[in-house]
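Colleague: Hi, I've got a new model open and could use some company. Can you walk me through it?
Modeller: Sure, let's pull it up.

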Amino acid sequence: MRMEVYSVYDKAIEAFMPPFFCRSRGEALRSFSTAVNDPNSQIGKFVADYALFWIGSFEDGSGELTCATAAGPVRIIQALECVEAVTLDHASRETSVLSK
């Protein structure tokens, strides 16, 4: 099975965190969003310092690891963008619930 490989970049230390594996971009975004919006997580405490990157793919049958691009990792989303998206989505759900 092919898994996508992601990592979070921390600009305060100018380094990537250990990679993690997901089945899809959506799964990675959900995981990152959860960490961003958790005030007890390191990412949630320093949101401005983090971004999610796709770094490649891993095929578990062959053990083959493929880089995202020849130019390196691909930025998916800044943590600050993730906070805004979740806040707006949550607000729209509250509005639709209240209007019923």
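Colleague: Let's jump right in. Which side chain meets Arg 75 in a salt bridge?
Modeller: Glu 81 does, with N to O at 3.1 Å. A salt bridge here is a side-chain nitrogen of Lys or Arg within 4 Å of a carboxyl oxygen of Asp or Glu. One thing to know early: this is a predicted model, where local features need pLDDT of at least 70 and side-chain atom pairs count only at pLDDT 80 or more, while totals for chains, interfaces and linings use all residues. Residues are numbered from 1 along each chain as its sequence is written, and side-chain values use heavy atoms, leaving out hydrogens and water.

Colleague: Are those two partners buried or exposed?
Modeller: In between. Arg 75 is partly exposed, as its relative accessible area is 42%, and Glu 81 is partly exposed too, at 36%. The cut-offs are under 20% relative accessible area for buried, over 50% for exposed, and partly exposed in between, using a 1.4 Å probe and protein chains only.

Colleague: OK, how many salt bridges does the structure hold?
Modeller: It holds 3. Another one joins the side chains of Glu 4 and Arg 2, at 2.8 Å from N to O. Glu 4 counts as buried because its relative accessibility is 12%, while Arg 2 is partly exposed at 48%.

Colleague: And what does Arg 23 pair with?
Modeller: Arg 23 forms a salt bridge with Glu 27, and their closest N and O atoms are 3.0 Å apart. Arg 23 is exposed, with a relative accessible area of 53%, whereas Glu 27 is buried at 19%.

Colleague: Let's zoom out. What secondary structure does the chain have?
Modeller: There are 3 helices and 6 strands. Starting at the N terminus, the order is β-β-β-α-α-β-β-β-α. Helices (H or I, at least four residues) and strands (E, at least two) are DSSP runs, numbered from the N terminus.

Colleague: How much of the chain counts as buried?
Modeller: 30% of its 100 residues. As for the outside, the chain's accessible surface comes to about 6,600 Å², and 59% of that belongs to carbon and sulfur atoms. That area comes from the Shrake-Rupley method with a 1.4 Å probe; for residues, only the protein chains shown count as cover.

Colleague: Which residues touch the most other members of the largest nonpolar core?
Modeller: Tyr 6, Phe 32, Val 36 and Leu 52, in a core of 16 residues. Strand 1, helix 1, strand 4 (50-59), strand 6 and helix 3 (79-98) each give two or more residues to this core. By definition, a nonpolar core is a set of buried Ala, Val, Leu, Ile, Met, Phe, Trp, Tyr and Cys residues joined through side-chain atoms within 4.5 Å.

Colleague: Why would side chains like that end up together?
Modeller: In soluble globular proteins, nonpolar side chains tend to be buried together.

Colleague: I see a serine in strand 1. Is Ser 7 buried or exposed, and why?
Modeller: Ser 7 counts as buried because its relative accessibility is 2%. It sits in strand 1, which covers residues 2-10. A polar atom of the Ser 7 side chain lies 2.6 Å from the backbone oxygen of Met 17. Beyond four places in sequence, Ser 7 is in contact with residues including Phe 16, Pro 18 and Phe 53; contact means heavy atoms within 4.5 Å.

Colleague: Phe 53 again! How far is its C-alpha atom from that of Ile 77?
Modeller: They are separated by 7.4 Å, and the two residues are 24 apart along the chain. Ile 77 is in strand 6 (residues 74-78) and is buried, at 15% relative accessibility. Leaving out residues up to four places away, Ile 77 touches Leu 29, Phe 32, Ala 51, Leu 52 and Cys 82.

Colleague: Cysteines, then. How many disulfides does the structure hold?
Modeller: It holds 0, where a disulfide would be a pair of cysteine sulfur atoms within 2.5 Å. Cys 22 is buried at 4% relative accessibility, but Cys 67 is exposed, with a relative accessible area of 63%.

Colleague: Last one: where is Asn 37?
Modeller: Asn 37 is in the loop between helix 1 (25-36) and helix 2 (42-45). It is partly exposed, at 33% relative accessible area, and a polar atom of its side chain lies 2.8 Å from the backbone oxygen of Ser 33.

Methods. A polar contact is a pair of N or O atoms within 3.5 Å; within protein, one must be able to donate a hydrogen and the other to accept it, and residues adjacent in sequence count only if both atoms are side-chain atoms.
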